[in-house]
Amino acid sequence: FHLKFKDNELKCLCSFCFPASDIAPEVASYSDVAKQIIDLAVFGAARNRSYRRLADFTDTIGNRVSGSQNLEMAIKYMHKAMTQDGLDVHLEPVKIPHWVRGQESAEMILPRAKSLAILGLGSSVGTPPEGIQAQVLVVQSFDELKQRASEATGKIVVFNQPFVSYGETVAYRAFGASEAAKLGAVATLIRSITPFSINSPHTGWQDYQDGVKHIPTACITVEDAELMWRIAQRGQAIIVKLIMGAKTLPDADSFNTVAEIRGWQHPEQVVLLSGHLDSWDVGQGAMDDGGGAMISWEALSLIKDLGLRPRRTLRTVLWTAEEQGGVGAQQYFNLHKVNLSNFDLVMESDLGTFTPVALQFTGSDAAWKVMEEVVKLLAPINTTKLEMHGEGTDISPWMQAGIPGASLHVADSRYFWFHHSEGDTMTVQNPRDMDLCSALWAVVAYVVADLEDMLPR
């Protein structure tokens, strides 16, 4: 809006043009409350609480793949636990994929007998009951596969692609089966998408392309992919027998789990914190994404324990079926996008809860200036850095619609060692790291929710 001053000059006072420096004193006034939150989380009565909650949860429920009874149990567990914590909790129904691994095995028959550790990939079809036995073609890239297209027919294609980064290398897991099927391959075995391995296969979702034959696909260990590559380089024939009992069942009923502290002044306006409750069907799903779910609950607990109530509603959502492509979150977005203008900030933690390094943020330049001031309140835990690009499968629909988004940047160098593998257990987690992540999450969420104005778009 505009105000006409006495010299008749029109001046804009909207949040896009109003000087952002004016926000600094308002945000700085929260330094005492930020310190209270940090002290409670890191040194006070809530110390180690998010870690204990995560251990109790994952030790009790185990892993929680989309469509499974374990995921149902997990949702009931969290609904009860957050209700007992004094939060306003409800469930929102969604339909989710239901893929079942079944029994699976792989064995190298030639040039010697060797059992291969495998994990079938989500949405893969199974083999016939007797399995598939075929000669192997080992390649190191999609380009090499195209160059050797004439050799692929009737073969099991093994991809021994080097790990560059998760974002780049994951294309082999996602599209390897269809690329090989186009050339007549009967199955694919893909080197696990990880920089480090102790003979550990990693699973994940894969995408069949429309109009391309669906062939069985699984990940193998780095060690076995390199072994078969070396054997092939010597010109020796490799034969593998693959058995996979994988199948896709009809979509299952599930829920996004929602807990709130309602705002005192603008309850319809929302700062949303989130992590996903589902996991793969291996390990405990402690790191991916039990930690993110727990700090998103813990943030509300810290604020409630201090008797704080922000102007706007703080809402924690524990998503379902993230691993299948953000299925629960997309349905939540479709349901709530009618109230798009009331969403102030969406936050997601899904890259581990190791030592926090920074807050990542996507939003307007004016919103960036506000968030720069907010992270200064994190000086007591030395995480005052704001970085470009909030990220997360579950919050991406909101950010694409222009809602400010934030994610947690942690010291995640080991994240992909354990990701989607039997290694994702409580042993990976550290209680102090989780306390620091919880403190950061709670301070940012509370302050943004309590500021006089919403973040400028």
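This report describes two sheets, several helices and three individual residues in a predicted model.

## The annotated span

The unreviewed UniProt entry lists residues 256-442 as "domain: Peptidase M28". In the model, helix makes up 34% of this span and strand 25%. The C-alpha atoms at the two ends of residues 256-442 are 21 Å apart.

## The sheet from strand 3 to strand 17

Eight strands form an open sheet in the order 3-12-14-13-15-18-16-17, and the pairing is mixed. Strand 3 and strand 17 are the edge strands, each pairing on one side only. From one strand to the next, the twist averages 25 degrees. Helix 10 packs on this sheet, where it touches strand 15, strand 16 and strand 17. The direction of helix 10 makes about 145 degrees with that of strand 17.

Two of the pairings can be followed residue by residue. Strand 3, residues 88-100, is antiparallel to strand 12, residues 247-261, and twelve bridges join them. Within this pair, Asp88 is opposite Glu260, and Val89 has Ala259 as its bridge partner. Strand 12 also pairs with strand 14 in the antiparallel sense, over five bridges. Here Ile261 is bridged to Leu314 of strand 14. As a general matter, the strands of a sheet pair through backbone hydrogen bonds, in either a parallel or an antiparallel sense.

## Helix 10 and Glu373

Helix 10 covers residues 365-376, twelve residues in total. From its first C-alpha to its last it reaches 17 Å, close to the 16 Å expected at 1.5 Å a residue. Its buried residues are Ala366, Ala367, Trp368, Val370, Met371, Glu373, Val374 and Val375. These buried residues pack against strand 15 (343-348), strand 16 (356-362) and strand 17 (386-388), and also against helix 1 (23-28) and helix 13 (431-450).

Glu373 belongs to helix 10. Its relative accessible area is 17%, and it therefore counts as buried, the limit being under 20%. Leaving out residues up to four places away in sequence, Glu373 touches Ile23, Ala24 and Val27.

## Thr320, after strand 14

Thr320 lies in the loop that runs between strand 14 (312-319) and helix 9 (327-336). Its relative accessibility is 1%, so Thr320 counts as buried. The side chain of Thr320 makes a polar contact with the side chain of Ser254, at 2.9 Å.

With residues up to four places away in sequence left out, the residues touched by Thr320 are Leu71, Ile75, Val94, Ile96, Ser254, Phe255, Asn256, Asp278, Val327, Gly328 and Ala329.

## The sheet from strand 5 to strand 6

A further open sheet of eight strands has the order 5-4-11-7-8-9-10-6, again with mixed pairing. Strand 5 (114-116) and strand 6 (118-120) stand at its edges; each has a single partner strand, so one side of each is left without a neighbour in the sheet. The twist in this sheet averages 30 degrees from one strand to the next.

Strand 4, residues 104-110, pairs with strand 11, residues 239-244, in the antiparallel sense, with six bridges between them. Glu104 stands opposite Met244 of strand 11. Helix 6, residues 166-181, packs on the sheet and touches strand 8 (156-159), strand 9 (187-191) and strand 10 (217-220). The direction of helix 6 makes about 150 degrees with that of strand 9. Helix 7, residues 222-233, also packs on the sheet, touching strand 4, strand 5, strand 7 (132-139), strand 8, strand 9, strand 10 and strand 11. The direction of helix 7 makes about 130 degrees with that of strand 5.

## Tyr77 in helix 4

Tyr77 is placed in helix 4, which comprises residues 69-84. With a relative accessible area of 26%, Tyr77 is partly exposed. Apart from neighbours within four places in sequence, Tyr77 is in contact with Asp56, Phe57, Thr60 and Ile61.

Tyr77 and Ile23 are separated by 54 residues in sequence and by 41 Å in space, C-alpha to C-alpha. Ile23 is one of the residues that Glu373 of helix 10 touches.

Methods: Residues numbered from 1 in each chain as written. Predicted model: local features only at pLDDT ≥ 70, side-chain atom pairs only at ≥ 80, totals over all residues. Heavy atoms only, no water. Helix = DSSP H or I, 4+ residues; strand = E, 2+ residues; numbered from the N terminus. Buried < 20%, exposed > 50% of the residue type's maximum accessible area, 1.4 Å probe, protein only. Polar contact = N/O pair within 3.5 Å; in protein donor to acceptor, adjacent residues only side chain to side chain. Contact = heavy atoms within 4.5 Å. UniProt positions renumbered as here; feature names shortened; annotations may be inferred. Expected span 1.5 Å × (residues − 1). Pairing = 2+ DSSP bridges. Axes fitted to C-alpha atoms, helices over the stretch in contact; angles between N-to-C directions.
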